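Got your viewer open? Here is a short tour, one selection at a time.

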Amino acid sequence: MNRRIGLWTLVGLVVAGCWVAIAAFTPQSYNPGLFWIAAAISAPASLLGRKMPLGAQWFMVLNGGIYAVVGSLIELLRRPLADLRKRA
């Protein structure tokens, strides 16, 4: 279970790193409507970054932490649901 939560955290860091790279290579004058929607879904830390400035490092760490919390919840629910499927 710890390995899976670590993988969730790693995925969160990679996703945030991809968004940091996209933001670094996108011109400032570009208005990405669909990119903001995709960023809000895949990197929830971007919602916090709209209200207060976040550095790239903190954005990645915060997004990894959010993914770790979501992964923990999914892993806690996964086993009881798997047992229910076996019984049915």
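Is Leu34 buried or exposed? Select Leu34, in helix α2, and check: Leu34 is exposed, with a relative accessible area of 71%. Here buried means under 20% relative accessible area, exposed over 50%, and partly exposed in between (1.4 Å probe, protein chains only). Helices are DSSP runs (H or I, at least four residues), numbered from the N terminus.

Some ground rules before moving on. This is a predicted model, in which local features need pLDDT of at least 70 and side-chain atom pairs count only at pLDDT 80 or more, while totals for chains, interfaces and linings use all residues. Residues are numbered from 1 along each chain as its sequence is written, and side-chain values use heavy atoms, with hydrogens and water left out.

**Stop 1: helix α1**

Select residues 2–25, which make up helix α1. The expected span of a helix is 1.5 Å times one less than its number of residues. For the 24 residues of α1 that gives 34 Å, and the end C-alpha atoms are 35 Å apart, so the two agree. Now colour Ile5, Gly12, Ala16 and Trp19, which are buried in α1. What do the buried residues of α1 pack against? Show α2 (33–42) and α4 (56–87): those are their partners.

**Stop 2: the core**

Keep Ala16 and Trp19 on screen and add Ala39, Ala43, Ala45 and Phe59; together these six residues form the largest nonpolar core. A nonpolar core is a set of buried Ala, Val, Leu, Ile, Met, Phe, Trp, Tyr and Cys residues joined through side-chain atoms within 4.5 Å. In soluble globular proteins, nonpolar side chains tend to be buried together. Zoom in on Ala39: leaving aside neighbours within four places in sequence, Ala39 is in contact (heavy atoms within 4.5 Å) with Trp19, Pro44 and Ser46.

**Stop 3: Asn63**

Next, pick Asn63 in helix α4. Asn63 counts as buried because its relative accessibility is 0%. Which residues does Asn63 touch, not counting those up to four places away in sequence? Light up Gly12, Val15, Ala16, Ser42, Ala43, Pro44 and Ala45. To get back to where we began, draw a distance from Asn63 to Leu34: their C-alpha atoms are separated by 20 Å, with the two positions 29 residues apart along the chain.

**Stop 4: the salt bridges**

Head along to Glu75. The structure holds two salt bridges, a salt bridge being a side-chain nitrogen of Lys or Arg within 4 Å of a carboxyl oxygen of Asp or Glu. One joins Glu75 to Arg4, with the closest N and O atoms 3.5 Å apart. This pair links distant parts of the chain, Glu75 in helix α4 and Arg4 in helix α1, 71 residues apart. Glu75 also meets Arg78 in a salt bridge (3.1 Å, N to O). Glu75 and Arg78 are three residues apart in helix α4, so about one helical turn separates them. Show Arg4, Glu75 and Arg78 together and you have a network of salt bridges. Glu75 counts as buried at 6% relative accessibility, whereas Arg4 is partly exposed at 39% and Arg78 partly exposed at 30%.

**Stop 5: the surface**

Finally, turn on the surface and select Met1, Val69, Leu73 and Leu76, which make a nonpolar patch of about 400 Å². Patches consist of residues with over 30% relative accessible area and no salt bridge; like charges are joined within 9 Å, nonpolar side chains (Val, Leu, Ile, Met, Phe, Trp, Tyr) within 5 Å. Areas come from the Shrake-Rupley method with a 1.4 Å probe; for residues, only the protein chains shown count as cover. Val69 lies in helix α4, and Leu73 is found in helix α4. Leu73 is exposed, with a relative accessible area of 51%.

Methods: Helices (H or I, at least four residues) and strands (E, at least two) are DSSP runs, numbered from the N terminus.
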